[in-house]
Amino acid sequence: MSLERAKEYLKQYGKDSDVMEFNTSSATVELAAEAVGCEPARIAKTLSFAVDGRVALVVCAGDARVANPKFKERFHTKAKMLAADEAEQRIGHAVGGVCPFGVSDECDVYLDESLKRFDVVYPACGSSNSAIALSPAELEAVLPGSEWVDVCKLPE
């Protein structure tokens with residue numbers, strides 16, 4: 001199960017017991033914000049893209065949108081999200097619970113600058129009813145090999 005996979009991954013950083021599980025769905029930014037009790041922008045959503053035969057996971061603020069020109073400049077390809085069935089197969093987590101924890105080896109994790117304006121953000125943990133509270137620095141620390149990028153735009 002995807003939730004257990006994420007928890008097992010977070011265990012090596014002593015964070016597995018920090019995973020929150022909800023009785024309601026947290027599968028969308030709005031539902032996750034309601035479940036956590038925060039503004040939607042603090043939900044760290046993980047978007048999945050096909051890039052050079054691999055999967056690029058971009059973790060960004062809940063109110064951010066991928067900016068196609070920035071994405072193309074950084075990844076040298078058009079932003080093409082994975083289909084839902086392909087996402088689960090290639091990442092190891094189903095849509096609604098996609099997160100950067102415990103993912104398959106073909107995934108590269110990128111943290112978008114949109115997260116840095118918050119002291120705490122809430123990524124999912126592999127299921128459609130889970131999350132964890134982490135500072136952007138803690139998120140980076142539990143994702144060695146991840147890279148900060150600027151590929152999103154915020155609402156005006």
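Begin by selecting Ala131 in this predicted model. Ala131 is placed in strand β7, and with a relative accessible area of 4% it is buried, because the cut-off for that word is under 20%. Now display the residues around Ala131. Residues up to four places away in sequence set aside, Ala131 touches Asp18, Val19, Met20, Phe22, Val36, Pro123, Ala124 and Cys125. Add Ile43 to the selection: although Ala131 and Ile43 are 88 residues apart along the chain, their C-alpha atoms are separated by 8.9 Å.

**Helix α1 and Leu10**

Select residues 2–11 next, which form helix α1, and pick out Leu10 within that helix. Is Leu10 buried or exposed? Its relative accessibility is 0%, so Leu10 counts as buried. Show the contacts of Leu10, leaving out its neighbours within four places in sequence: they are Lys15, Asp16, Val19, Phe101, Cys125, Ile132 and Val142. For a distance across the model, select Leu10 together with Leu111. These two residues are 101 places apart along the chain, and 17 Å separates their C-alpha atoms.

**The sheet**

Turn now to the strands. In what order do the five strands of the open sheet stand? The order is β6-β2-β3-β5-β8, and the pairing is mixed. Strands of a sheet pair through backbone hydrogen bonds, either parallel or antiparallel. At the edges of this sheet are β6 and β8 (147–149), each of which pairs on one side only.

Helix α2 can be shown at this point: it packs on the sheet and touches β2 and β6. The direction of α2 makes about 150° with that of β2.

Select residues 54–61 and 107–112, which are strands β3 and β5. These two strands pair in the parallel sense over five bridges. To follow the pairing residue by residue, label Leu57, which stands opposite Val109 in β5. Then label Val58, whose bridge partner in β5 is Tyr110. In a regular strand the side chains alternate between the two faces of the sheet.

Keep Tyr110 selected and look towards the next strand. Tyr110 also stands opposite Glu147 in β8. The pairing of β5 with β8 is parallel and extends over three bridges. How many residues of β5 are buried? Five of its six residues are, so β5 may be described as mostly covered.

Another helix to display is α4, residues 84–91. Helix α4 lies across β2, β3 and β5, and runs at about 105° to β3.

**The largest pocket**

Next, show the pocket surface, if the viewer offers one. The largest pocket has a volume of about 340 Å³. Its lining consists of 22 residues, and those closest to the centre are Ala27, Lys45, Thr46, Gly96 and Val98. Which elements give two or more residues to this lining? They are α2 (29–36), β2 (43–51), β6 (122–123) and β7 (130–131). Strand β2 gives the most, with six residues. Colour the lining of the largest pocket by residue type: 14 of its residues are nonpolar, seven are polar and one is charged.

**Three residues in loops**

The tour ends in the loops. Select Asp52, in the loop between β2 and β3. Its relative accessibility is 70%, and Asp52 therefore counts as exposed, since that word applies over 50%. The backbone of Asp52 also deserves inspection: its phi is near 50°, a positive value in a residue other than glycine.

Move to His76, in the loop between α3 (68–75) and α4. Here too phi is positive in a residue other than glycine, with a value near 60°. His76 has a relative accessibility of 68%, and so counts as exposed.

Finally, select Ser135, in the loop between β7 and α5 (136–141). Is Ser135 buried or exposed? With a relative accessible area of 18%, Ser135 is buried, because this value is under 20%. Leaving aside neighbours within four places in sequence, Ser135 is in contact with Asp119 and Val120.

Notes. Residues are numbered from 1 along each chain as its sequence is written. This is a predicted model: local features need pLDDT of at least 70, side-chain atom pairs count only at pLDDT 80 or more; totals for chains, interfaces and linings use all residues. Side-chain values use heavy atoms; hydrogens and water are left out. On a 1 Å grid over the protein atoms alone, a cavity is a set of points where a 1.4 Å probe fits but cannot get out, and a pocket is an open set with protein on both sides within 12 Å along at least five of seven lines; lining residues have an atom within 4 Å of a point. Grid points are joined across faces, edges and corners, and a volume is the space filled by probe spheres set on the points. Helices (H or I, at least four residues) and strands (E, at least two) are DSSP runs, numbered from the N terminus. Ala, Val, Leu, Ile, Met, Phe, Trp, Tyr, Cys and Pro count as nonpolar, Asp, Glu, Lys and Arg as charged, and the others, Gly among them, as polar. Two strands pair if DSSP finds at least two bridges between them. Contact means heavy atoms within 4.5 Å. Axes are lines fitted to C-alpha atoms, for helices over the stretch in contact, and angles run from 0 to 180 degrees between N-to-C directions. Buried means under 20% relative accessible area, exposed over 50%, partly exposed in between (1.4 Å probe, protein chains only).
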